[in-house]
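Got your viewer open? Load the model below and get ready to click along.

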Amino acid sequence: IISEARMGNLFGSSKKPAAAGPAKPPVLEKDEAILKLKNQRDKLKKMQKKISIQLEKETAVAKELYRKKKKEEAKAVLRKKKFQENLMASTEAQITNLEQLASNIEEAAIQKQVLDGLAAGNAALKEIQNTMSIDDVQDVMDGLKDGLEYANDIQELVGESITQADEEQLEADLLAFFPELSPDGTDIPDAPDTVPTGDKDNKIPDAATAAPVSSKPKPEAVAAT
C-alpha cells in the first residue's frame, strides 16, 4: 500500500513555495518615457562616435588618393564623407530633440506635483471653512466683545468701591510694611552718630549760678510830707 505522503511525492513536490520578496514600486509612466528617451540618446551618441571615426578615415583616404593622382576615386571618398557629415548633423539634431523632450517631461511632472499640492491645499482649506460659517465667526466675536465689556464693568465697580477711608488704611499699611520710607515714599535719613558741639573747644557752657543784674537804675523813695 502506497502511503498518501508517497503519493504526494509522486505527483508533485511537497516543498512550499518560497516567500515572495517585497513588491517593487511600479514604474511611473513619465519615468519610463524619460528612460526610453535617454536610452535612445545614448544610442545616437554611440553612432556619432562611429561616424566621427569613419570621417577621419575617409579624410585620410581622400588625401592619399589625391596625392596619388587618383582624382576621381578621391572625389568618390569625399562624396561618402559628405554623406557621413550630413548624418552626423542629423544625429546631433535628434539628440538635441530627445534631450529637450526629456527635459519637458520632467518639468511637466514637477508642475503636476505643484498643481496636485495646490489642489490638496485648496481642498483642505475648503474642508476647514465648511466647519465654520460667517455667522459662527460673528457669534464668537460678539461673545468676545461682551466678555471684554463685562470685565471692564467689573473693574470699574471694584475701583469705585474703594473709599477715602480705604485709601488712608492702605497708606497706613504701606508705612507699616516699609517703616524706612516717609509718607511721600522717600527714604528717611538716619540719625547722626555724634552730638553737635557748642564752641570751638567742644565745651558745653556752664549754667549761670547768680541771677542776672539789671542795668536799669532803681527808682528813689519819695519822702512823706
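Before selecting anything, a working rule: contact means heavy atoms within 4.5 Å. This is a predicted model, where local features need pLDDT of at least 70 and side-chain atom pairs count only at pLDDT 80 or more, while totals for chains, interfaces and linings use all residues. Residues are numbered from 1 along each chain as its sequence is written, and side-chain values use heavy atoms, with hydrogens and water left out.

Start with helix α3, residues 71–130 (helices are DSSP runs of H or I, at least four residues, numbered from the N terminus). From first C-alpha to last, α3 reaches 88 Å. Now colour its buried residues (under 20% relative accessible area; exposed is over 50%, partly exposed in between; 1.4 Å probe, protein chains only), among them V77, K81, I95 and L98. Show α2 (29–67) too, since what covers those buried residues includes α2.

Next, hop to the loop between α2 and α3 and pick K69. Its phi is near 65°, a positive value in a residue other than glycine. K69 is exposed, at 74% relative accessible area.

Now for salt bridges (a side-chain nitrogen of Lys or Arg within 4 Å of a carboxyl oxygen of Asp or Glu); the structure holds eight. Select K45 and E99, whose side chains meet at 3.8 Å, N to O. K45 sits in α2 and E99 in α3, so this pair ties together parts 54 residues apart in sequence.

Finish on E85 and K81, with closest N and O atoms 2.4 Å apart. Both lie in α3, four residues apart, about one turn of the helix. K81 is buried at 17%, whereas E85 is partly exposed at 31%.

Conventions. Helices (H or I, at least four residues) and strands (E, at least two) are DSSP runs, numbered from the N terminus. The expected span of a helix is 1.5 Å times one less than its number of residues.
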